[in-house]
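Have your viewer ready and a selection box open. We will go from stop to stop, with something to pick at each one.

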Amino acid sequence: AKEFEFIKTHKAGAKNNVGVVTFNRPKALNALSDGLVRELAQALDVFENDKQVGAIVITGSEKAFAAGADIKQMESQTYAQCVSGNFLSHWSRVSETAKPVIAAVNGYALGGGCEMAMMCDIVYAGENAKFGQPEILIGTIPGAGGTQRLTRVVGKSKAMEMVLTGDQVSAHEAEKMGLVSKVFPVDKVLDEAIKLGEKIAKNSHLINRMCKESVNVAYETTLREGLHFEQKLFHGTFATKDQKEGMTAFVQKRPPNFTNE
């Protein structure tokens with residue numbers, strides 16, 4: 001296991017097939033510093049290359065998933081520095097992860113924390129979770145997908161309200177809006193996210209990737225193009241050993257033995 005400064009990592013589940021990344025900047029409420037985001041990318045690289053891992057969970061503490069980007073690091077940035085350094089571009093590593101990623105959110109998920117949760121494929125929240133895009137209150141706008149992903153998830157009116165006021169929404173309200181999949185007691189949300197990861201990891205890892213890719217295409221393109229893409233991927237599954245094994249096991253009324261091939 002690699003030693004990190006701003007995060008912790010381990011593998012969980014009965015078969016150690018779920019990778020877990022925990023943000024670990026408690027004094028800063030897990031503010032997403034450049035160092036933390038770069039370490040997160042490194043951890044995702046490790047789990048992506050681990051054939052045992054079939055799903056990944058990203059979480060924080062009971063007090064904060066991530067209270068936002070690190071304002072102290074951003075405060076002195078100039079426009080020229082932002083442009084020349086392509087500021088925040090490396091945050092996209094989470095959304096580019098091929099394996100399914102689950103956010104287990106407790107406490108504050110604000111600004112960059114909310115954006116980071118939305119980069120994940122599924123969001124589970126504790127009852128104390130608070131989501132919001134408060135960048136307007138400090139004289140800027142969301143810069144890591146807050147105006148784009150939020151609008152696609154909750155619709156224009158709700159997104160406008162959250163972005164223009166900076167107001168926070170509760171876990172249950174976020175669930176009603178479609179931002180959160182399920183809400184659990186604070187002490188259960190991580191365990192439930194890991195259970196979900198285990199359930200996903202039992203499937204063919206290869207087919208999981210194809211499913212995820214197809215859903216993401218639906219999120220980003222037209223219905224006609226999405227249906228065409230889906231059908232091509234569906235046809236492609238018939239070139240895999242796991243499709244043959246899955247359907248044969250179903251016919252033979254036995255559990256499948258997927259080999260991810």
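**The domain interface**

Start by selecting the two sides of the contact: 16 residues of domain 1 touch 6 residues of domain 2. Bear in mind as you look around that this is a predicted model. To colour the two parts, use the domain assignment of the protein, which gives residues 7-202 as domain 1 and residues 205-252 as domain 2. If you place a marker at the C-alpha centre of each domain, the two markers will be 26 Å apart.

Now show the surface between them. Domain 1 and domain 2 bury about 850 Å² between them, and carbon and sulfur atoms give 44% of that area. Which three residues supply more than any others of the area that domain 1 buries against domain 2? Select Ala98, Asp121 and Arg152, which supply 39% of it.

Next, turn on polar interactions across this interface. The rule finds 6 residue pairs in polar contact between domain 1 and domain 2, both residues being at pLDDT 80 or more. To see which elements of domain 1 take part, highlight α5 (149-154) and α8 (189-201), the elements that give two or more residues to the side touching domain 2. The largest share of that side, 3 residues, comes from α5.

**A salt-bridge network**

Staying at the interface, look for charged pairs: 2 salt bridges cross between domain 1 and domain 2. Select Arg209 and Glu48, whose side chains meet in a salt bridge with an N to O distance of 4.0 Å. Then add Asp45 and Arg93 to the selection, since Asp45, Glu48, Arg93 and Arg209 are linked in a network of salt bridges.

Zoom in on Asp45 and Arg93 themselves. Their side chains form a salt bridge at 2.9 Å, N to O. This pair joins distant parts of the chain: Asp45 sits in helix α1, while Arg93 lies in the loop between α3 (79-84) and β5 (101-105), 48 residues apart. Is each partner buried or exposed? Asp45 is partly exposed, with a relative accessible area of 37%, whereas Arg93 is buried, with 16%.

**Two further salt bridges**

How many salt bridges does the rule count? The count comes to 11. Two of them make useful stops.

Pick Lys11 and Asp50, where the closest N and O atoms are 2.9 Å apart in a salt bridge. Lys11 is in strand β1 and Asp50 in the loop between α1 and β3 (55-59), so the pair links parts of the chain 39 residues apart. Lys11 is partly exposed, at 30% relative accessible area.

Then move to Lys158 and Glu161, a salt bridge with its closest N and O atoms 3.4 Å apart. The two residues are 3 residues apart in helix α6 (residues 156-165), so about one helical turn separates them. Lys158 is partly exposed at 27% relative accessibility, and Glu161 is partly exposed at 42%.

**Aromatic pairs**

Switch to the rings. The rule counts 3 aromatic pairs. Select Tyr124 and Phe184: their ring centres are 5.0 Å apart and their planes are at 55 degrees, so this pair is tilted. Tyr124 belongs to strand β7 (residues 122-126) and Phe184 to strand β10 (residues 182-184), which places the partners 60 residues apart in the chain. Tyr124 is buried at 6% relative accessibility, and Phe184 is buried at 15%.

Now go to Phe234 and Phe238. Here the ring centres lie 5.3 Å apart with planes at 80 degrees, so the pair is edge-to-face. Phe234 is partly exposed, with 47% relative accessibility, and Phe238 is partly exposed, with 36%.

**Arg25 and Glu3**

Select Arg25 in the loop between β2 (18-23) and α1 (34-48). Arg25 counts as buried because its relative accessibility is 18%, under the 20% cut-off. A polar atom of the Arg25 side chain lies 2.9 Å from the backbone oxygen of Ala31. Show its surroundings too: leaving out residues up to four places away in sequence, Arg25 touches Phe6, Asn30, Ala31, Ser33, Leu36 and Asp70.

For the last stop, go to Glu3, in the segment before β1 (7-12). Glu3 is exposed, with a relative accessible area of 70%. Draw a distance from its C-alpha atom to that of Glu39: the two are 36 residues apart along the chain and 9.8 Å apart in space.

Terms used:
Residues are numbered from 1 along each chain as its sequence is written. Side-chain values use heavy atoms; hydrogens and water are left out. Rings of Phe, Tyr and Trp (its six-membered ring) pair if their centres lie within 6.5 Å; planes under 30 degrees apart count as stacked, over 60 as edge-to-face and the rest as tilted. Helices (H or I, at least four residues) and strands (E, at least two) are DSSP runs, numbered from the N terminus. Buried means under 20% relative accessible area, exposed over 50%, partly exposed in between (1.4 Å probe, protein chains only). Domain bounds come from an automatic or database domain assignment. Contact means heavy atoms within 4.5 Å. Buried area is the accessible area (1.4 Å probe) that two parts lose on being put together, summed over both. A polar contact is a pair of N or O atoms within 3.5 Å; within protein, one must be able to donate a hydrogen and the other to accept it, and residues adjacent in sequence count only if both atoms are side-chain atoms.
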